[in-house]
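Work through the exercises below with the sequence and the coordinates side by side, and try each task before reading its solution.

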Amino acid sequence: MTPSSNTAESSQSKPQTKAEKIKLALEKLKEAKVRKLIVKVLMGDGSSKTLMVNERQTVRQVLDELLEKTHCDSSIDWSVCETNPELQNERGFEDHEYLVELLCAWTRHSENKIYFVLRPQKYVMFTDPQLFYMWKKSKTVLSGVNQQAKELLIKEHFGGSTLIVPDLEGTLYLKEDGKKVWKSRYFVLRASGIYYVPKGKTKSCSDLACFVHFEKVNIYTTSNYKEKYRAPTNFCFILKHPCIQKESHYIKFLCCDNEHTLLLWVNSIRIAKYGAVLYKNYQEAVKRASTLQGVDSALHTDQYNGLTTQVSPQTNPNPPKTTNVEEYPHEPPPDFIPPPPPGHICTLDHKKTHIRERRLDL
């Protein structure tokens with residue numbers, strides 16, 4: 001190789017090396033700007049787990065980490081939830097949402113809590129779709145719907161190019177702004193939001209008035225509103241922007257006659273708000289549960305045979321059957337509102353460390 005060729009090669013390698021260094025520096029800079037939170041999550045038994053969560057992690061990823069840390073069963077109903085003691089409400093975060101983004105909506109001195117809990121109603125719209133798409137039928141008819149019919153309902157309403165929202169409608173009680181007075185109104189659910197029938201008008205589309213759009217509000221279940229706000233029943237829910245942490249006239253308060261009606265409205269609104277993403281979350285939860293069941297089965301077999309190493313899928317002679325959406329076993333949902341976890345208050349410490357963390361203590 002001639003000296004000139006060495007010089008040429010050297011001149012070509014230097015810019016390439018420099019470019020690589022710049023790329024690496026930019027990647028490090030980008031990584032340093034990622035928001036991180038130290039989150040302390042309350043368990044149902046009063047214990048807690050501390051996690052480092054960054055803004056790129058979805059709730060599904062955080063759930064997987066919690067399942068790994070706690071060695072809980074592989075139910076699809078495990079949820080990360082927030083509660084607000086000021087408004088006495090709670091919301092289960094959706095699996096596709098980003099946890100850091102949700103927590104950053106809290107106010108500086110928020111006393112909100114985060115906890116890890118089973119919510120049997122989380123995916124009830126897929127385990128029992130007839131409750132929402134045949135809600136006008138009698139209980140006898142609904143209880144007699146077989147698995148094949150359920151699969152057909154899911155395919156019909158979630159399998160096409162357009163999501164079909166339950167045609168839910170009925171009388172709910174609405175709390176007047178700034179007052180503890182509730183008046184009944186006839187509400188109708190649509191894909192874009194909730195509409196109501198003005199006095200003296202009919203249920204025709206031309207007469208309906210918009211009550212709220214779903215784009216910038218979340219739905220929350222409540223506790224003991226009969227005492228707090230003199231609601232007709234304790235089966236209430238509210239619609240509000242996530243940044244609203246205290247009582248405000250921007251919050252929409254609604255009350256149902258019974259628990260079943262509450263289940264219908266809360267989950268039908270979730271269908272309308274999140275659409276096909278909700279079905280994808282469910283499919284991923286079932287897939288994840290199936291994987292965990294397979295790992296548990298392998299470990300159990302391994303321990304039973306007196307082995308100390310985990311059986312890999314390649315060496316397992318009888319790999320567990322993969323459970324698909326239609327075959328996943330389920331039971332009818334129990335009480336809609338789970339009991340709140342005991343003790344512990346969640347506070348937000350805004351002191352920043354060298355990695356730009358915040359601390360959320362439960």
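**Exercise 1. Aromatic clusters and charges over rings**

Task: Which residues do ring pairs link into a cluster, and which ring lies under the charged end of K175?

Solution. Begin with the cluster, in which Y123, F126, Y133, F158, Y279 and Y282 are linked by ring pairs; rings of Phe, Tyr and Trp (its six-membered ring) pair if their centres lie within 6.5 Å, and planes under 30 degrees apart count as stacked, over 60 as edge-to-face and the rest as tilted. Next, widen the search to the whole structure, where 14 aromatic pairs are found. One of these is formed by Y225 and Y229, an edge-to-face pair with 4.8 Å from centre to centre and 75° between the planes. Both Y225 and Y229 are buried, a term that means under 20% relative accessible area, with exposed meaning over 50% and partly exposed in between (1.4 Å probe, protein chains only).

Then turn to the charges, where a charge sits over a ring if NZ of Lys or CZ of Arg is within 6 Å of the ring centre and within 35 degrees of the ring normal. The charged end of K175 sits over the ring of F253, 4.8 Å from its centre, and K252 lies over the face of F211, 5.4 Å from the ring centre.

**Exercise 2. How far to trust the model**

Task: Over which residues does pLDDT stay under 50?

Solution. This is a predicted model numbered from 1 along each chain as its sequence is written, in which local features need pLDDT of at least 70 and side-chain atom pairs count only at pLDDT 80 or more, while totals for chains, interfaces and linings use all residues. Side-chain values use heavy atoms, with hydrogens and water left out.

For the protein chain the mean pLDDT (the predictor's confidence in each residue, from 0 to 100) is 80, and 74% of the residues reach 70 or more. The stretch asked for is residues 307-362, for which the model has 122 contacts beyond four places in sequence, a contact meaning heavy atoms within 4.5 Å. Where pLDDT is low, the predicted coordinates should not be read in detail.

**Exercise 3. The chain as a whole**

Task: How many helices and strands does the protein chain have, and what percentage of its residues count as buried?

Solution. The secondary structure comes to 10 helices and 14 strands, where helices (H or I, at least four residues) and strands (E, at least two) are DSSP runs numbered from the N terminus. Of the 362 residues, 42% count as buried. Among contacts between residues at least 6 apart in sequence, 61% join residues at least 24 apart.

**Exercise 4. Strand 11 and its partners**

Task: Which strands pair with strand 11, and which of its residues lie on each side?

Solution. First, take the pairing, for which DSSP must find at least two bridges between two strands. Strand 10 (residues 218-222) pairs with strand 11 (residues 236-240) in the antiparallel sense over four bridges, and I219 has L239 as its bridge partner. Strand 12 (residues 252-255) is also joined antiparallel to strand 11 by four bridges, with I238 standing opposite F253.

Second, consider the faces. In a regular strand the side chains alternate between the two faces of the sheet. In strand 11, C236, I238 and K240 are on one side and F237 and L239 on the other, and all are buried, so that both faces are covered.

Third, follow I219 to helix 9 (residues 259-274), where V266 is found. V266 is 47 residues from I219 in sequence, yet their C-alpha atoms are 7.0 Å apart; V266 is buried, with a relative accessible area of 6%.

**Exercise 5. Two further strand pairings**

Task: Why is strand 5 largely enclosed by the rest of the structure, and what separates strand 7 from strand 8?

Solution. Strand 5 (residues 113-118) is largely enclosed because five of its six residues are buried. Strand 3 (residues 78-84) pairs with strand 5 in the antiparallel sense over six bridges, and E82 stands opposite I114.

Strand 7 and strand 8 form a hairpin with three residues between them. Their pairing is antiparallel over three bridges, with F187 bridged to Y196. Strand 8 is in turn joined antiparallel to strand 9 (residues 209-213) by four bridges, where Y196 has A209 as its bridge partner.
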